[in-house]
Amino acid sequence: MESSYLDDMIIESSPPLVHDEERFKKFINQLKLNGGGIFEESQPSLEDHIQYFLFQGHISNVLMNARPNDVAKLPDLIANVYRGVYPSFISSLDVVVESILKSIALSMHNQSFENARLLSTLCLNFLPYWDPVERFVRDFNLSSTKKNHVIDSLNDLDSMRRRPIYKLYLRYCQSADEVEKLFGDFEHFDSDIHELLISKSSFDSKTTDILLCCFRGRSIDYLLMFLKLWSDPVIAKADVSTEILYYTRAIFISFFHIPNDVLKKRYLEISKLLAEGLPHHFSSSDGRTLKLAKFLSDFMIFTLKQCGVVGERNDTEGEGLPINPVDDLSRELLCSYQNCCSLSKNFWYSKYHGVDKNQCVEKEQKPIHTKVQSEDSSSDDDDDDDLDPIETLDAPIKCPVVYIRDFIENLPDFSKEIDQMSLILKRLPTIIDAQLRLEHSSICKEMLEVVFSWQNTFDEVSLDEDHKKTLEAILIAAPDVTITEICHYFHNRPNIIAPEKCLILNVLSRTISNPKLDLNILKYIADSFFHIILREDSRSISEQAAPVQVPMIILSSQILTRLPNVMSKDTYLRSFLTAINDLVTESDHGMKETIVFALHQISKAPIMSSNSLSPELRMTLGETRNILFKVLY
């Protein structure tokens with residue numbers, strides 16, 4: 001497969017030329033300028049450059065010395081220039097990505113690939129291109145009979161730069177044996193995997209978690225490590241969080257990879273850590289934590305009994321699943337089981353796996369409604385109600401908020417329980433839409449203050465999303481009062497921190513993107529943002545913390561591109577250009593790229609198509625172009 005992957009290359013071999021590196025720099029600069037819209041028109045030689053480097057093989061001559069970001073962003077730069085209407089020789093961006101990856105594959109094959117940072121950057125930027133990347137990983141790297149091509153590149157990178165490579169390659173691995181083939185000979189892989197498994201945020205795919213736990217979870221030491229983290233009182237006593245779910249799943253996956261003979265030898269250590277952690281989980285204020293911990297404990301104890309370690313062995317032949325999950329989290333945990341290797345296939349639960357997983361999905365998709373069933377049933381036996389599962393008899397939780405003033409007065413009491421707060425935040429936008437527009441302006445400001453000040457102490461991501469939706473509803477319901485008020489928070493609120501400023505910018509951006517947005521609301525946002533937040537101050541962006549600068553730039557371009565020409569003002573664009581002129585001279589490369597992207601978006605704004613731009617604005621545009629050209633190129 002490796003030879004066929006290289007033989008089928010869409011690029012042709014070509015001898016290296018001395019001027020290739022200089023020509024490649026000019027090619028990248030030309031792409032950036034043409035993508036900027038307000039700079040220059042497309043030059044006729046652009047397609048010749050693309051043909052020369054990507055389809056005649058010359059890009060392989062510059063890979064070793066090129067800046068990683070220049071190569072990694074080639075697909076985006078080309079897309080930015082052609083905007084979906086590509087020349088006949090580019091069927092899609094996948095062709096561009098495949099040309100780059102096959103050039104790297106050829107260099108690896110010839111043992112001449114030495115630009116490890118380029119591979120890390122490409123892995124980070126090429127994640128969306130599934131097909132060409134999958135062929136690069138599976139048809140080239142995984143099919144190789146030689147020493148792994150990737151190992152030599154990893155040796156020159158630190159652990160942080162190795163993570164994008166792990167993330168991309170592991171996405172296409174189908175078993176722990178393939179992981180072993182790719183990374184097994186790399187001396188730092190064990191320590192890297194240790195860090196990745198501890199960090200819940202390393203991967204966003206449960207499949208990857210299972211794969212890594214299968215690869216290294218076969219060691220009892222990893223199971224004990226997960227149990228120690230799971231039993232930590234700080235984690236255990238909190239409400240259900242991503243940490244609890246992640247470590248519980250890691251314990252479960254590691255546990256069914258441990259052979260019976262190892263469990264018999266080390267069961268005392270497992271039992272001790274389990275006994276230490278259960279009291280902490282049972283003391284949690286969230287009942288879901290208790291149920292999940294109980295199910296995990298019952299499952300592990302039953303498994304130890306099956307091994308003959310604890311109590312008497314239970315015979316499960318001819319019976320249903322001996323341990324039934326009673327809540328959604330436990331069912332989801334049970335669905336994490338996979339027949340991924342011989343160890344997991346020999347585990348006692350494997351014979352229940354297919355059936356139980358389907359039952360789990362069915363319960364998630366088709367919840368049981370006891371009342372409806374009893375009405376439609378043809379049976380007259382009233383005693384059948386006693387056979388219904390207990391969880392289906394729970395009465396629905398009633399929202400305690402009916403009026404806006406109920407929420408303002410009782411928020412401290414509502415914030416004590418996650419279920420109640422989640423229900424309230426989901427209902428609030430509807431209540432706000434119906435009532436806030438009828439309230440006095442002081443009530444509108446008070447509602448905004450109360451909602452904005454609320455802190456998500458439950459560490460629940462869904463609550464943050466509902467919090468933003470509630471703020472968005474407030475801005476739409478009473479725009480003349482609340483939009484100006486929230487913009488004043490940005491500079492005048494005492495002790496405001498960067499995450500709160502990002503929240504303000506995020507809510508304004510969400511409001512602009514709302515399909516029901518009225519143009520009058522857009523006008524309120526434009527006036528308040530450019531006059532209060534940017535405030536025609538050259539250092540309004542540069543004086544902010546780095547995490548705040550990017551949202552400010554993007555929001556500026558978002559507002560300017562959405563405003564109709566009759567509602568746009570020269571002062572809006574001039575205040576933004578003045579701010580970035582001051583910022584670009586002291587920013588890093590990533591920030592400069594953000595500024596170029598924003599300017600490209602603004603080049604399509606209605607105000608730019610007007611022939612009535614003031615002389616001051618034309619002068620500021622010229623200054624911006626000159627500064628960017630000098631700094632970037």
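In this predicted model, E472 counts as buried, because its relative accessibility is 10% and the limit for that class is under 20%. E472 belongs to helix α26, which covers residues 461-477. Apart from residues within four places in sequence, the contacts of E472 are V507, R510, T511 and N514.

A second helical position is A293, found in α18 (residues 287-306). A293 has a relative accessibility of 2% and is therefore classed as buried. When residues up to four places away in sequence are not counted, A293 touches W230, L278, H281 and F282. A further relation links A293 to P279: the two are 14 residues apart along the chain, and their C-alpha atoms are separated by 9.7 Å.

**Two loop positions**

S540 is placed in the loop that runs between α29 (519-533) and α30 (546-562). Its relative accessibility is 0%, so S540 is buried. The side chain of S540 has polar partners in the backbone. One is the backbone oxygen of L534, reached at 3.3 Å. Another is the backbone oxygen of D537, which lies 3.0 Å from a polar atom of the S540 side chain. With neighbours within four places in sequence left aside, S540 is in contact with I533, L534, M552 and A579. L534 thus appears both as a contact of S540 and as the residue whose backbone oxygen the S540 side chain reaches.

N495 also lies in a loop, the one between α27 (479-492) and α28 (498-513). N495 is exposed because its relative accessibility is 74%, and the limit for exposed is over 50%. The backbone of N495 has a positive phi of about 60°, although N495 is not a glycine.

**Cysteines and accessibility**

Searching the whole structure yields zero disulfides. A disulfide is a covalent bond that joins the sulfur atoms of two cysteines. Among the cysteines, C444 is buried, as its relative accessible area is 3%. C487 is likewise classed as buried, on account of a relative accessibility of 0%.

The table sets out the accessibility of the residues discussed so far.

| Residue | Relative accessibility | Class |
|---|---|---|
| E472 | 10% | buried |
| A293 | 2% | buried |
| S540 | 0% | buried |
| N495 | 74% | exposed |
| C444 | 3% | buried |
| C487 | 0% | buried |

**Internal cavities**

The structure holds three cavities of 30 Å³ or more. The largest cavity has a volume of about 60 Å³. Its lining consists of L101, I104, L119, L122, C123, F126, V133, F136 and L168. By class, the lining of the largest cavity contains nine nonpolar residues, no polar residues and no charged residues.

Several helices contribute to this lining. α6 (93-109), α7 (116-125) and α8 (130-141) each supply at least two residues to the largest cavity. Of the helices, α7 gives the most, with three residues of the lining.

**Summary**

The residues described above include E472 in helix α26 and A293 in helix α18. They also include S540 in the loop between α29 and α30, and N495 in the loop between α27 and α28. S540 is buried, at 0% relative accessibility, whereas N495 is exposed, at 74%. The largest cavity, of about 60 Å³, has a lining with no polar and no charged residues.

Definitions and conventions: Residues are numbered from 1 along each chain as its sequence is written. This is a predicted model: local features need pLDDT of at least 70, side-chain atom pairs count only at pLDDT 80 or more; totals for chains, interfaces and linings use all residues. Side-chain values use heavy atoms; hydrogens and water are left out. Helices (H or I, at least four residues) and strands (E, at least two) are DSSP runs, numbered from the N terminus. Buried means under 20% relative accessible area, exposed over 50%, partly exposed in between (1.4 Å probe, protein chains only). A polar contact is a pair of N or O atoms within 3.5 Å; within protein, one must be able to donate a hydrogen and the other to accept it, and residues adjacent in sequence count only if both atoms are side-chain atoms. Contact means heavy atoms within 4.5 Å. On a 1 Å grid over the protein atoms alone, a cavity is a set of points where a 1.4 Å probe fits but cannot get out, and a pocket is an open set with protein on both sides within 12 Å along at least five of seven lines; lining residues have an atom within 4 Å of a point. Grid points are joined across faces, edges and corners, and a volume is the space filled by probe spheres set on the points. Ala, Val, Leu, Ile, Met, Phe, Trp, Tyr, Cys and Pro count as nonpolar, Asp, Glu, Lys and Arg as charged, and the others, Gly among them, as polar. A disulfide is a pair of cysteine sulfur atoms within 2.5 Å.
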